[in-house]
Amino acid sequence: MCGIVGYVGKRDVVSVLFKGLTNLEYRGYDSAGMALRDDGEIKIYKTLGKLINLKNELEARKSELKHPTSGIGHIRWATHGSPSLVNAHPHTCSCGKLVIVHNGIIENYKELREELLKKGCTFRSQTDTETIAHLVADEYASAKNLETAVRNSVKKLQGAYAVCVMHKDVPDVIVGARKHAPMLVALGEDENFIASDTPAIIEYTKKTIYLEDNEIAVVTKDRVRITDIEGNEIIKKVEILPWEPAALSKQGYKHFMLKEIHEQPDVIRNVLNGKLYDIDSPIILNEVKIDKEILKKLNKIQIIACGTSLHAALSGKYLIEDFAGISVDVEASSEYIYRKTTTDESTLVIGVSQSGETADTITAIKQAKAKNSHVLIITNRPDSNMARLADSLIPVNAGIEVSVAATKSYSAQLISFYLLAIHLAEIKGTLNKEYLKSIKHELIKLPSKIEEVLSNVEPIKTCAKKFSSYKNFIFISRGINLSTAYEGALKLKEISYINATGYAAGELKHGPIAMLDETMPVLAILIPGGITYEKILSNCEEAKARNAKLIALTSSNDKNLESIFDVVIRIPEINEIISPAITCVPLQLLAYYIAEYLGKDVDQPRNLAKSVTVE
Ligand code: M6R
């Protein structure tokens, strides 16, 4: 949630830290800060709000800086203590010689704080992070070695942390440590980096080392030493990042979200590539590392995820049950982890996550692993912590997603579920050949149909303008598009702050219909040719009878729809079972344009973070 970047080396330290923080900006934050080693001193700069404020502050005070040689930077998403200057990172010990930035939550910080207060430490903030600063300084007083001081301190911490520490008396050394929060070291020539995520360093190097829980890194200009919690040195694998820096540019679009929506046809081509060759060949999904004989007998799947990934999981349930006849439970990770589940060694547990760093899902996955379940991870970040826990890993290859609102990663997850469901059906022999061929045919055609939607956004823009002043929305559908309704509503509320709810159309009359009047638009997703169209249409008539404004998202050419609906948004003809891969796109665009009309911060909506690394 917070972002961390540290640098020691030959480049302009302020620029490197600033660029790194800018590339982590999408994760969401409320304040920012840097600690710079300069002229034998450690100088701290902090500002509230956007990074530009930190830039302006540094610009205004640049005469104070001679030649910084190392530094750590941070963007904060408040957990303990409100967003304020005093709570912004870096934090210091009482004498100010030691500085720290931190991502995560320290659960026992109150007890530690009590002890440190008794020892005479002066606390200035309400954060849990400041406790770590005092703790490390206290340990340093006796150990006289920063690495040892950090090691002794983290042994006392409960909770989650990725920390970077510098000390005035230990020039140009950054010590990093992590547990349940991501951290990596990146290697350059006469320079090294430490960061919470790869975008922070991608401009400079692709060589990275991922730290595991309880590992400690000592980073200097020409050396990186990594040890375990007992101090034993570890030789780690250097990985080469697959991303290009261009992935972090808007490439002419006004917002990352719009760019990412438009990337979806290519993202889908990417996901299908190498897995779906033609309509006559079986799906190739070698990523699923379970023996085919076991898969044939598999009768229980649990999918765990959060937010948008949870909505993709709901579509996955529908598809796997429909295609392969295997019973699937879907649950929000945050619920799964606090109850007795029926997960066992014969359950296939699927974790879905764009970031691969969502704390609740990681905890859920660890719990499932402890029950000896086979864990399959579907993620956009094969370099993530979650990916490293996987027994089977399906990387969705959507490319870096910068906008906080997930769009292309959702499409990529959806397509991965189509492939998985077909793969299971092919192994189990549950679908007839002609039906399988028709589904594969539709999947192959998908990218060009989405391109058609993207080349005709005017009706969606007009609809957005017409409805941008409404305060409440209901999105309805049935069957395979119910999860699309949930996702459409989530997109709208997270970037425009309009109250929107996704609802099973048949459930309207069991309560929500009481809310309907001319102030509550109802958006219905209805795809003809399947089993739900007529039913949804009747539900819309019920809403119309209560004076609700109606919007249809449909592939129907029926001109009579215009007499029922206030607005009809049309998509290309599509088989109902495949349609969620298209219907999600106009809903993303509708949310985008409404937020745009309302002047909202589309890519970084308030209170949200791109990856939620705390429970
Ligand atoms: O990285 P994950 O997919 O695990 O993240 C889960 C949710 O936090 C995420 O989908 C969130 O709901 C997005 N803001 C949705 O746009």
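**Exercise 1. Decide whether N481 is buried or exposed in this predicted model, and describe its surroundings.**

Solution. Begin with the accessibility: the relative value for N481 is 2%, and because buried means under 20% relative accessible area, N481 counts as buried. Next, place the residue along the chain, where N481 is found in the loop between strand β20 (472-477) and helix α16 (482-496). Then look for residues that touch N481, leaving out those up to four places away in sequence; these are I525, I527, E576, S579, P580 and T583. Finally, take one of these neighbours, I525, and compare the two kinds of separation: N481 and I525 are 44 residues apart along the chain, while their C-alpha atoms are separated by 6.9 Å.

**Exercise 2. Find which residue forms a salt bridge with E487, and state where the two residues lie.**

Solution. Start from the general idea that side chains of opposite charge can pair when their charged atoms come close. The side chain of E487 meets that of K491 in a salt bridge, with an N to O distance of 2.6 Å, which lies within the 4 Å that the rule allows. Turning to their position, both E487 and K491 belong to helix α16 and stand four residues apart, about one turn of the helix. As a last step, consider accessibility: E487 and K491 are both buried.

**Exercise 3. Explain why R151 and E147 are separated by about one helical turn, and name the network to which they belong.**

Solution. First identify the pair itself: the side chains of R151 and E147 form a salt bridge, 2.9 Å from N to O. The separation follows from their position, because R151 and E147 are four residues apart in helix α5 (residues 146-154), and this spacing corresponds to about one helical turn. Both R151 and E147 are buried. Now widen the view, and the pair turns out to be part of a network of salt bridges that links E147, R151, R223, R225 and E233. For the whole structure, a search finds 41 salt bridges.

**Exercise 4. Describe how domain 1 and domain 2 meet, and how many salt bridges are counted between them.**

Solution. Set out the parts first: the domain assignment gives domain 1 (3-247), domain 2 (251-453) and domain 3 (458-597). The C-alpha centres of domain 1 and domain 2 lie 34 Å apart, and 15 residues of domain 1 are in contact with 15 residues of domain 2.

The next step concerns area, since the size of an interface is often given as the accessible area lost when the parts come together. Here domain 1 and domain 2 bury about 1,200 Å² between them, with 49% of it on carbon and sulfur atoms. On the side of domain 1, Y26, W243 and A247 lose the most area to domain 2, and together they make up 47% of what that side buries.

Then count the interactions: there are three salt bridges between domain 1 and domain 2, and four residue pairs are in polar contact across their interface. The residues of domain 1 on the side that touches domain 2 divide into nine nonpolar, two polar and four charged.

**Exercise 5. Which residues form salt bridges with R381, and is R381 buried or exposed?**

Solution. One partner is D197, with the closest N and O atoms 2.8 Å apart. Another partner is D383, for which the closest N and O atoms are 3.1 Å apart. As for accessibility, R381 counts as buried because its relative accessibility is 7%, and D383 is likewise buried, with a relative accessible area of 10%.

Note on methods: Residues are numbered from 1 along each chain as its sequence is written. This is a predicted model: local features need pLDDT of at least 70, side-chain atom pairs count only at pLDDT 80 or more; totals for chains, interfaces and linings use all residues. Side-chain values use heavy atoms; hydrogens and water are left out. Domain bounds come from an automatic or database domain assignment. Contact means heavy atoms within 4.5 Å. Buried area is the accessible area (1.4 Å probe) that two parts lose on being put together, summed over both. A polar contact is a pair of N or O atoms within 3.5 Å; within protein, one must be able to donate a hydrogen and the other to accept it, and residues adjacent in sequence count only if both atoms are side-chain atoms. Ala, Val, Leu, Ile, Met, Phe, Trp, Tyr, Cys and Pro count as nonpolar, Asp, Glu, Lys and Arg as charged, and the others, Gly among them, as polar. Buried means under 20% relative accessible area, exposed over 50%, partly exposed in between (1.4 Å probe, protein chains only).
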